[in-house]
Amino acid sequence: MRRTGILILALLSALLMFPLSSGGQQGCIPVYAKSEKDVAYKAGERLSFSIHYTWGILDADMGVAQISLDTVRINGVKAFHCRVTGSSIRIYDYFFKVREDFNSWFACDGLAPLRFTRDTHEGKYFAWNEFNYRWDAEKPYADAVVRTSKMEEKHLQLPLKTCTADLPALFFYARNIDMSRVRADVKNPMSFVIDDELFDVYFIYKGKCVRDVKGLGKVKCLEFAAKLLEGEVFKGDKDLTIYISDDLNRLPVSFGAPILMGYLEGRLTGYSGLKYEFSSLLKG
């Protein structure tokens, strides 16, 4: 993969590269719902995260990220609009300034991705994506405009597999996972598009546990491991571990991954507008 944001892509990788099943079509997530009234979230949901970095004597929170969900209409279709933003904490801007802004629009009923934009600034590097999905074509594709500091603007058509999506849309689709159809310790494929490429990765469900999340408390979780993409940040030979709340919300509460220099961790620090009670958060 081309250069990826230390903060936001780590977050997205953790949030999004999880629950798929080997059953059904390859790369498709087995879900219990695709209609707005039955999915695990609603318009108005807000999630906040802190990104922590450890390397040698360095042990500190270095970034923050937020996810918001609202509804809009695109060409007459009611759609969820997800926005994911991330940034380095101001004191670290002097060393490596990061600003990330991902936007995804997907149908409220059916959850098919409709549009995606990415605006990334990492030090001297930048990347811009704009995708419009053409599912009604004989061979579905994403009509894409991509430019980066290393590549002049390109207009291209990215072929889509049946269940391919951008990362934010994939995250919200996956939160409706039907756990009765997921087996432990089995590699399960998935795919997503970003920049000018389509990537195939996999995840493994590891089982249930209780996770003590700093500032949040103990949470009953579902544990997953996802194979990382080797590049300028991730090692590629290690798994990312993510812990998802074991309740109807399926919130990402904690995640961690080894990177080329050190270890990156994230944790849920705030939430509002949840559709269901956060019942996996243990009291006392």
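This is a short walk through one protein chain, from the overall build down to a few residues.

First, a caution. The model is predicted. Every value I quote is computed from it.

Let's start with the whole chain. It has 284 residues, and 54% of them count as buried. The secondary structure comes to two helices and 14 strands. Now the contacts. Take those with a separation of 6 or more: 56% of them link residues 24 or more positions apart. The exposed surface is about 12900 Å². Carbon and sulfur atoms supply 50% of that surface.

Next, the cysteines. How many disulfides does the structure have? The count is zero. A disulfide is a covalent bond between the sulfur atoms of two cysteines. Here, no pair of cysteine sulfur atoms meets the 2.5 Å cut-off. Now three individual cysteines. Cys82 has 0% relative accessibility, so it counts as buried. Cys108 is at 1%, so it is buried too. Cys221 also has a relative accessible area of 1%, and is buried. The cut-off for buried is under 20%.

Stay with Cys221 for a moment. It sits in strand 11, residues 217-227. What does Cys221 touch, beyond its neighbours within four places in sequence? The list is Gly207, Lys208, Cys209, Arg211, Tyr243, Ile244, Asp246 and Val253. Pick out Asp246. Its C-alpha atom is 4.7 Å from that of Cys221, though the two are 25 residues apart along the chain.

Asp246 brings us to the salt bridges. The structure holds 11 of them. In one, Asp246 pairs with Lys208, at 3.5 Å from N to O. Asp246 lies in the loop between strand 12 (239-245) and strand 13 (252-258), while Lys208 is in strand 10 (residues 197-213), so the pair ties together parts that are 38 residues apart in sequence. Are these two partners buried or exposed? Asp246 is partly exposed, at 24% relative accessibility. Lys208 is exposed, at 61%. Recall that both residues are on the contact list of Cys221, and that Cys221 itself is buried.

Two other salt bridges. Arg134 meets Asp143 at 3.8 Å, N to O. Arg134 is partly exposed, with a relative accessible area of 32%. Asp143 is partly exposed as well, at 31%. Then there is Glu153 with Arg147, at 3.1 Å. Glu153 has 42% relative accessibility, which makes it partly exposed. Arg147 is at 32%, again partly exposed.

Last stop: the loop between strand 3 (77-88) and strand 4 (98-107). I'll take two residues there. Asp93 is one of them. Is Asp93 buried or exposed? At 15% relative accessibility, Asp93 counts as buried, because the cut-off is under 20%. Its side chain makes a polar contact of 2.4 Å with the side chain of Ser88. Leaving out residues up to four places away in sequence, Asp93 touches Ser88, Val98 and Arg99.

Phe96 is in that loop too. Its relative accessibility is 28%, so Phe96 counts as partly exposed. Phe96 and Glu122 are 26 residues apart along the chain, and their C-alpha atoms are separated by 7.0 Å.

To recap. The structure has zero disulfides and 11 salt bridges. Cys221 is buried and touches both Asp246 and Lys208, which form a salt bridge with each other. In the loop between strand 3 and strand 4, Asp93 is buried, whereas Phe96 is partly exposed.

How values were computed: Residues are numbered from 1 along each chain as its sequence is written. This is a predicted model: local features need pLDDT of at least 70, side-chain atom pairs count only at pLDDT 80 or more; totals for chains, interfaces and linings use all residues. Side-chain values use heavy atoms; hydrogens and water are left out. Helices (H or I, at least four residues) and strands (E, at least two) are DSSP runs, numbered from the N terminus. Buried means under 20% relative accessible area, exposed over 50%, partly exposed in between (1.4 Å probe, protein chains only). A polar contact is a pair of N or O atoms within 3.5 Å; within protein, one must be able to donate a hydrogen and the other to accept it, and residues adjacent in sequence count only if both atoms are side-chain atoms. Contact means heavy atoms within 4.5 Å. Accessible areas come from the Shrake-Rupley method with a 1.4 Å probe; for residues, only the protein chains shown count as cover. A salt bridge is a side-chain nitrogen of Lys or Arg within 4 Å of a carboxyl oxygen of Asp or Glu.
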